[in-house]
Amino acid sequence: DAARIKELDGIMDDSFNFDDTYGCSDTFSLNDALWTCSNLFASVAQKVARRRILLLTNNDSPHEEDPALQRQAVAKANDLREVGIDLELLHMSRSGQTFDSSVFWNNLLVVPEGEEAPR
């Protein structure tokens, strides 16, 4: 859909304010977000060819101060994989910083054989 592609392309524009348009929170639980996605997939009556969750973030270590929340998110990601729901990371770097997926995200994502983990 060309309109959706243009909308996504606009996100990359420096004048785009993601927080104002979509919102942002440092108090979320990634486990709860993944659980909600799982419930949404479960409520879809029609069969879909691929079930995928796109994770858009600039935070390379969510729940950095709470290892229990990190473990819950990894466990939920494993549960999703077992029922055929793929997780894909679309990361962005903060100004002046490099996104390092090895801090947390590589524990959550399964990288297909022959591909590199996101950096």
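Helices and strands here are DSSP runs, with at least four residues for a helix and at least two for a strand, numbered from the N terminus. Keep in mind that this is a predicted model.

Let's start with the pocket. The largest one has a volume of about 1200 Å³, and 34 residues line it. If you want to find its centre, look for Phe18, Leu55, Leu56, Thr57 and Met92, which lie nearest to that point. Several elements contribute to the lining: helix H1 (2–11), helix H2 (18–21), helix H3 (30–42), strand E1 (51–57) and strand E2 (85–91) each put in at least two residues. As for chemistry, the lining counts 20 nonpolar residues, alongside 9 polar and 5 charged ones.

Now for the surface. Leu54, Leu56 and Leu90 make up a nonpolar patch of about 260 Å². Leu56 therefore turns up twice, as a patch member and among the residues nearest the pocket centre. Leu54 sits in strand E1. How buried or exposed is Leu54? Its relative accessible area is 48%, so it falls in the partly exposed class, which runs from 20% to 50%.

On to the charges. Side chains of opposite charge can pair when their charged atoms come close. Searching the whole structure turns up 3 salt bridges, and Arg50, Arg52, Asp86 and Glu88 are linked by such bridges into a network.

Take the bridge between Asp86 and Arg50, with N to O at 3.3 Å. Asp86 belongs to strand E2 while Arg50 is in the loop between H3 and E1, so this contact ties together parts that are 36 residues apart in sequence. Arg50 also meets Glu88 in a salt bridge, this time at 2.8 Å from N to O. That pair links distant parts of the chain too, with Arg50 in the loop between H3 and E1 and Glu88 in strand E2, 38 residues apart.

Which residue forms a salt bridge with Glu88 at 3.2 Å? That's Arg52, going by the closest N and O atoms. Here the link runs from strand E1, where Arg52 lies, to Glu88 in strand E2, and the two are 36 residues apart.

How accessible are the members of this network? Arg50 is partly exposed at 47% relative accessible area, and Arg52 counts as partly exposed at 38%. On the acidic side, Asp86 has 31% and Glu88 has 25%, and each of these is partly exposed as well.

Note on methods:
Residues numbered from 1 in each chain as written. Predicted model: local features only at pLDDT ≥ 70, side-chain atom pairs only at ≥ 80, totals over all residues. Heavy atoms only, no water. 1 Å grid on protein atoms, 1.4 Å probe; cavity = no way out; pocket = protein on both sides within 12 Å on 5 of 7 lines; lining within 4 Å. Points joined across faces, edges and corners; volume = space filled by probe spheres on them. Nonpolar A, V, L, I, M, F, W, Y, C, P; charged D, E, K, R; others polar. Patch = residues over 30% accessible without salt bridge, like charges linked within 9 Å, V, L, I, M, F, W, Y side chains within 5 Å. Areas by Shrake-Rupley, 256 points an atom, 1.4 Å probe, with all protein chains shown as cover. Salt bridge = Lys/Arg side-chain N within 4 Å of Asp/Glu carboxyl O. Buried < 20%, exposed > 50% of the residue type's maximum accessible area, 1.4 Å probe, protein only.
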